[in-house]
Structures are given as C-alpha cells and as structure tokens.
Amino acid sequence: MATDTIFTKIVRREIPADIIYEDDLVLAFRDIAPQAPVHILVIPKKPIPKLADASPEDGELLGHLLLIIKQIAAEEKLDNGYRVVVNNGADGGQTVDHLHFHILGGRYLQWPPG
Ligand code: AMP
C-alpha cells in the first residue's frame, strides 16, 4: 500500500526541496545528502512504494521517468557518464518508501557498489 512519505510531502510542497524539474507525472530534486557532485532524485508523483510494486499499467510512467532522467543528465552536462540507481527494499538499501531513481555523476563511480 502507498504510504505518506517525505517525498509525497515534497510533491505537495509541504517541505522544501531543491526542485529542478516538474511535469504532470514526475518531480526531480537534488538529494539532501549528495554522494557525488551531481546527485538528483527523480520520482513519480504517483506514490508507488518501490519498483517491485510497479504494475503493468505503470509501464508508460516508468518509460517516461527514464526519458526525463536522460534529459536531466544532459542538462546537468554529465557528458562523461553517470549512474542511475534504484534501491529496492531493505537489502537494496531503500530508506524512503516512494519509488525514486538516483542520478549520480560528476565523478568516476566505482563498480560494484558495496
Ligand atoms: P534510498 O536510500 O534509495 O531510499 O534513497 C533515499 C534518498 O533520499 C537518500 O539519498 C537521502 O539522502 C534522500 N533524502 C532523504 N530526505 C530527503 C529530502 N528531504 N530532500 C532530498 N533528499 C532526501
């Protein structure tokens, strides 16, 4: 079930965030604890708790999110590359139960992550 999270509060402008992109379906804002020179979170406004909860009807929304991520990365001039991360559930390290895509860039990123 969808629950109210800090990200739904950001969507409703109940708490502040450094919002860099918005449309009818998507919001993007800078991570409050950046792990790279560029660290942006891209979320659907629809409160899907995690990727595992997405349904076939969310397919178009998920595709839209990826295309917006590509657009934001270009606007941020991450021409040398970047990483897109979705943490899913406890073992995935997810801490906010609202689906979100991390865009990380601006430095070389080690692989594999911890
Ligand atoms: P995850 O660990 O994948 O669930 O990522 C959650 C991310 O949300 C972390 O990188 C946090 O730093 C970030 N975060 C938590 N609260 C806020 C906030 N109020 N504004 C922006 N980013 C936040």
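Where does the ligand sit? That is where I would like to begin today, and I should say at the outset that what we are looking at is a predicted model, so please keep that in mind as we go through the site and then the chain around it.

The ligand sits in the largest pocket, and the elements that contribute two or more residues to the shell around it are helix 1, residues 6–11, and strand 2, residues 26–30. Helix 1 supplies the largest share of that shell, with 3 residues. In total there are 16 residues around the ligand, and those that come nearest are Asp31, Asn87, Thr95, His100 and His102. If we sort the shell by character, the residues divide into 8 nonpolar, 6 polar and 2 charged.

Let me now turn to the polar contacts, taking three side chains one after another. In Asp31, an N or O atom of the side chain is 2.5 Å from an oxygen atom of the ligand. For Asn87, the corresponding distance, again between a side-chain N or O atom and an oxygen atom of the ligand, is 2.8 Å. His102 places a polar side-chain atom 2.8 Å from an oxygen atom of the ligand. As for how much of the ligand is covered, on its own the ligand has 500 Å² of accessible area, and the protein covers 85% of that.

Stepping back to the chain, the secondary structure comes to 2 helices and 5 strands, and along the sequence these follow the pattern α-β-β-β-α-β-β. The radius of gyration is 14 Å, close to the 13 Å that the globule rule gives for 114 residues, and therefore the chain is as compact as a globular protein of that length. Taken along the principal axes, the box that the C-alpha atoms fill is roughly 35 × 30 × 25 Å.

Finally, there are two points of backbone geometry that I would ask you to look at in the structure. As background, most residues other than glycine have a negative phi, and most peptide bonds are trans. Arg13, which is not a glycine, nevertheless has a positive phi of about 65 degrees, and this residue is placed in the loop between helix 1 and strand 1, the latter spanning residues 19–22. The other point concerns the peptide bond from Trp111 to Pro112, which is cis, with omega near 0 degrees; Pro112 itself lies in the segment after strand 5, residues 101–105.

Notes: Residues are numbered from 1 along each chain as its sequence is written. This is a predicted model: local features need pLDDT of at least 70, side-chain atom pairs count only at pLDDT 80 or more; totals for chains, interfaces and linings use all residues. Side-chain values use heavy atoms; hydrogens and water are left out. A residue is near a molecule or strand if one of its heavy atoms lies within 4 Å of it. A polar contact is a pair of N or O atoms within 3.5 Å; within protein, one must be able to donate a hydrogen and the other to accept it, and residues adjacent in sequence count only if both atoms are side-chain atoms. Accessible areas come from the Shrake-Rupley method with a 1.4 Å probe; for residues, only the protein chains shown count as cover. On a 1 Å grid over the protein atoms alone, a cavity is a set of points where a 1.4 Å probe fits but cannot get out, and a pocket is an open set with protein on both sides within 12 Å along at least five of seven lines; lining residues have an atom within 4 Å of a point. A molecule sits in a cavity or pocket if more than half of its atoms lie within 2 Å of its grid points. Helices (H or I, at least four residues) and strands (E, at least two) are DSSP runs, numbered from the N terminus. Ala, Val, Leu, Ile, Met, Phe, Trp, Tyr, Cys and Pro count as nonpolar, Asp, Glu, Lys and Arg as charged, and the others, Gly among them, as polar. The radius of gyration is taken over C-alpha atoms; the globule rule is 2.2 Å times the number of residues to the power 0.38.
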